[in-house]
Amino acid sequence: MLQTTRNDLERYATARQQLPDAGAISLLIIDAERSAVVSGGATEPAAVLEMHIGDQRSARELLRHTPPQRAEFEMAIEPLEDKIIRIHRAMQPDSQLVGDSAALREIAELAGVAPSGKMRLSLDAMERVFSRLAAVINGKPASSEGIPEDNAFAIRLVILREFMHHLGFAEITVLAPPQAS
């Protein structure tokens with residue numbers, strides 16, 4: 001496993017402060033080279049789960065074309081899905097999915113969620129963004145769909161989608177990004 005960064009724990013603590021009545025939370029962190037979930041129902045997390053599926057890393061390793069070709073994109077989903085499903089049992093049960101990155105805010109805004117300190121992105125709204133990405137992969141210009149023509153964006157969206165679908169989250173609450181230290 002990758003080493004947990006102090007920053008992950010600080011981000012979890014900040015999310016807990018912003019959602020004091022949320023009960024258990026699972027903070028989804030998608031970085032360039034790895035992803036993590038910091039999950040718990042108290043001040044200290046019960047689990048910190050890391051995966052080798054960062055948006056840039058996975059785009060570099062799994063996709064050869066920009067935008068990706070349909071077959072390669074479909075093949076890229078499977079290894080991401082497998083790594084996400086493996087961590088399910090170690091996560092805090094019945095937790096609320098939370099994110100705090102500018103990249104997740106971008107997805108929420110593309111889904112039509114108004115910018116705020118606590119943006120709620122439903123599974124259905126995220127799926128609509130994914131459908132727009134699928135249209136681009138099938139040949140429609142990215143500019144006509146209003147989404148980035150960027151493979152890291154595509155991977156980020158897949159990671160979020162797989163978390164929501166396979167781990168049973170109906171929505172994600174996207175908080176304001178942490179302040180740079």
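1. Let's start with the hairpin: S1 and S2 form one, with 4 residues between them. The two strands, S1 at residues 25-30 and S2 at residues 35-40, pair in the antiparallel sense over 6 bridges. If you want a spot to check the register, take Ile29, whose bridge partner in S2 is Ala36. Bear in mind that this is a predicted model.

2. How far can you trust it? The chain has an average pLDDT of 93, and 97% of the residues score at least 70. Confidence is highest in strand S6 (residues 171-175), with a mean of 98. The low end is helix H6 (residues 142-145), where the mean is 92.

3. Back to S1, from its other side. S1 also pairs with strand S4 (residues 96-99), this time in the parallel sense, over 4 bridges. Here Leu27 stands opposite Val98. As for burial, 6 of the 6 residues in S1 are buried. Both faces of the strand are covered: Ile25, Leu27 and Ile29 are on one side, with Ser26, Leu28 and Ile30 on the other.

4. Now zoom out to the sheet. It is an open one made of 6 strands, in the order S3-S2-S1-S4-S6-S5, and the pairing is mixed. The edges are taken by S3 (47-51) and S5 (118-122); each has a single partner strand, so one side of each has no neighbour in the sheet. On average, neighbouring strands are turned by 25 degrees against each other, direction ignored. At the S5 end, S5 and S6 run antiparallel and are joined by 5 bridges. Ser122 has Glu171 in S6 as its bridge partner.

5. Which helices lie across these strands? Helix H1 (residues 6-18) lies across S1, S2, S3, S4, S5 and S6, and runs at about 135 degrees to S1. Helix H4 lies across S1, S4, S5 and S6, and its angle to S5 is about 60 degrees.

6. H4 (residues 102-110) deserves a paragraph of its own. Its buried residues are Ala103, Leu104, Arg105, Ile107, Ala108 and Leu110. Note the arginine in that list, Arg105. The cover over the buried residues of H4 includes the strands S1, S4, S5 and S6, along with helices H5 (123-137) and H7. After the helix comes Gly112, with a positive phi near 95 degrees.

7. H4 against H7: these two helices pack at an angle of about 80 degrees, and their axes are 11 Å apart. That angle falls between 65 and 115 degrees, so H4 and H7 count as roughly perpendicular to each other. On the H4 side the contact uses Ala103, Leu104, Glu106, Ile107 and Leu110, which meet Phe153, Arg156, Leu157 and Leu160 in H7. By class, this contact has 7 nonpolar residues, no polar ones and 2 charged ones.

8. H2 against H7: helix H2 (residues 55-62) packs on H7 (residues 151-166) at about 110 degrees, with the axes 8 Å apart. H2 and H7 are therefore roughly perpendicular to each other. Asp55, Gln56, Ser58 and Ala59 in H2 meet Asn151, Ala152, Ile155 and Arg156 in H7. The residues of this contact divide into 3 nonpolar, 3 polar and 2 charged.

9. Is Arg156 buried or exposed? This H7 residue has a relative accessibility of 9%, under the 20% cut-off, so Arg156 counts as buried. Leaving out residues up to four places away in sequence, Arg156 touches Ile30, Asp55, Ala103, Glu106, Ile107 and Asp150. Among the residues that Arg156 meets in the helix contacts are Asp55 in H2 and Glu106 in H4. For a sense of distance, Arg156 and Ser143 are 13 residues apart in sequence, and their C-alpha atoms are 18 Å apart.

10. One last residue to look at is Gln92, in the loop between helix H3 (70-86) and S4. Its relative accessibility is 26%, so Gln92 counts as partly exposed. What does Gln92 contact, leaving aside neighbours within four places in sequence? The list is Ala24, Ser26, Ser39, Gly40, Gly41 and Ala46. Between Gln92 and Met75, 17 residues apart along the chain, the C-alpha separation is 29 Å.

Notes:
Residues numbered from 1 in each chain as written. Predicted model: local features only at pLDDT ≥ 70, side-chain atom pairs only at ≥ 80, totals over all residues. Heavy atoms only, no water. pLDDT = per-residue confidence, 0-100. Buried < 20%, exposed > 50% of the residue type's maximum accessible area, 1.4 Å probe, protein only. Pairing = 2+ DSSP bridges. Axes fitted to C-alpha atoms, helices over the stretch in contact; angles between N-to-C directions. Parallel < 35°, antiparallel > 145°, perpendicular 65-115°, else oblique. Contact = heavy atoms within 4.5 Å. Nonpolar A, V, L, I, M, F, W, Y, C, P; charged D, E, K, R; others polar.
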